[in-house]
Amino acid sequence: TRSTRPQRMLKAVQKNATKGNPESVISAIDYFCKHSEWAMNVGDEKGSILDSVVTEVNPSTVLELGTYCGYSTVRIARLLSPGTKFITLEFNPANVTVARQIIAHAGLQDKVTVVEGSSGDLIPQMKERFGITTFDFIFLDHWKDRYLPDIKLFEECGLLRKGSVLLADNVICPGAPEYLEYVRNSPRYESRYYPAHLEYTTLEDGMEKSVFLG
Ligand SMILES: O=C(NCc1cccc(CNc2ccc3[nH]ncc3c2)c1)c1cc(-c2ccc(F)cc2)cc(O)c1O
Ligand SMILES: [Mg+2]
């Protein structure tokens, strides 16, 4: 049967990227998406914004919602200090399988735990199952209509502390209007918009960085 796009992306990484070299994995995926097939990785332009925020926060605990093929997982994991706890959640088991192989090709498998499941089910389990107190950095890149319910879930579960940083992809395209309205109007967050473009296109998109004020 015909392969899937994530499987073809994995093949491109295994063929073109050097094992143990995260930069070459990132470049191989970006090349594949620019010259072969578009895919919904955060991409190089928004990826640079992600890099700068992760570097600035220098987190001890990280959560990513929406692993997909592991592109942003590799971008984040390559920047983390040793001993950082990094968890990434993926609902689609086929994506989990591909992501684990791409992360392993980058040599970053010991830096991150890929968990199969949905945010709504797993966020309430973070403390008991993964020994998390609070998250220093959260990257939201899963179903866009889950951004708002999930940020409320983080609050309810006591997973945010004064200074926790949330970075949300795609707040323009496909868009997360209710989430934007919430973080921009809530007195409990300080929000800032980073304009960019939809990965590998000239369409407008951007990321929203929100700091929890406690
Ligand atoms: O929709 C998007 N991404 C989310 C997504 C989408 C599908 C499947 C999953 C399955 N993974 C999943 C689900 C639920 C989950 N709960 N907890 C974890 C978890 C994990 C996730 C997206 C779309 C576009 C886009 C497409 C087309 C277009 F024209 C313009 C733009 C661009 C992006 O950068 C995007 O990020
Ligand atoms: Mg995205």
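**Reading a metal site, two cores and unusual backbone angles**

The donor residues of the magnesium ion (ligand 2) follow the sequence spacing D-x27-D-N.

Visitor: Which residues and atoms coordinate the magnesium ion (ligand 2)?

Guide: Please keep in mind that this is a predicted model. To read a metal site, one lists the donor atoms and then locates their residues along the chain. Here the magnesium ion (ligand 2) is held by Asp141 (OD), Asp169 (OD) and Asn170 (OD1), at distances of 2.0 to 2.2 Å. Water is not among the atoms, so sites may look incomplete.

Visitor: Where in the chain are Asp141 and Asp169?

Guide: The two belong to distant parts of the chain, 28 residues apart. Asp141 sits in the loop between β4 and α8 (147–156), while Asp169 sits in the loop between β5 and α9 (171–175).

Visitor: Are Asp141 and Asp169 buried or exposed?

Guide: Both Asp141 and Asp169 are buried.

Visitor: How many residues does the largest nonpolar core have, and which have the most contacts inside it?

Guide: One reads a core by its members, then by the elements that supply them. The largest nonpolar core has 43 residues, and Met9, Ile29, Leu50, Ile76, Ile102, Phe137 and Phe139 make the most contacts inside it. Elements giving two or more residues to this core include the helices α1 (5–16), α2 (22–35) and α3 (43–57), as well as the strands β4 (137–140), β5 (165–168) and β6 (189–197). Helix α2 provides the largest share, six residues. Apart from this core lies another, of 29 residues, with Ile123, Tyr147, Ile151 and Leu160 among them.

Visitor: Which residues is Ile76 in contact with, leaving aside its neighbours within four places in sequence?

Guide: With those neighbours set aside, Ile76 is in contact with Leu50, Val54, Val62, Glu64, Phe86, Phe137 and Phe139.

Visitor: Which residues other than glycine have a positive phi?

Guide: For such a residue, one notes the angle, the place and the exposure. Tyr68 has phi near 55° and lies in the loop between β1 (61–65) and α4. Tyr200 has phi of about 65° and lies in the loop between β6 and β7 (204–212).

Visitor: Why do Tyr68 and Tyr200 count as buried?

Guide: Buried means under 20% relative accessible area. Tyr68 has a relative accessible area of 13% and is therefore buried; Tyr200, at 19% relative accessibility, also counts as buried.

Visitor: Which peptide bond is cis?

Guide: For a peptide bond, one reads omega. The bond from Cys173 to Pro174 is cis, with omega near 5°, and Pro174 is placed in helix α9.

Notes:
Residues are numbered from 1 along each chain as its sequence is written. Chains are lettered from A and ligands numbered from 1 in the order in which they are written. This is a predicted model: local features need pLDDT of at least 70, side-chain atom pairs count only at pLDDT 80 or more; totals for chains, interfaces and linings use all residues. Side-chain values use heavy atoms; hydrogens and water are left out. A nonpolar core is a set of buried Ala, Val, Leu, Ile, Met, Phe, Trp, Tyr and Cys residues joined through side-chain atoms within 4.5 Å. Buried means under 20% relative accessible area, exposed over 50%, partly exposed in between (1.4 Å probe, protein chains only). Helices (H or I, at least four residues) and strands (E, at least two) are DSSP runs, numbered from the N terminus. Contact means heavy atoms within 4.5 Å. Donors are N, O and S atoms within 2.8 Å of the metal (3.2 Å for Na, K and Ca); water is not among the atoms, so sites may look incomplete.
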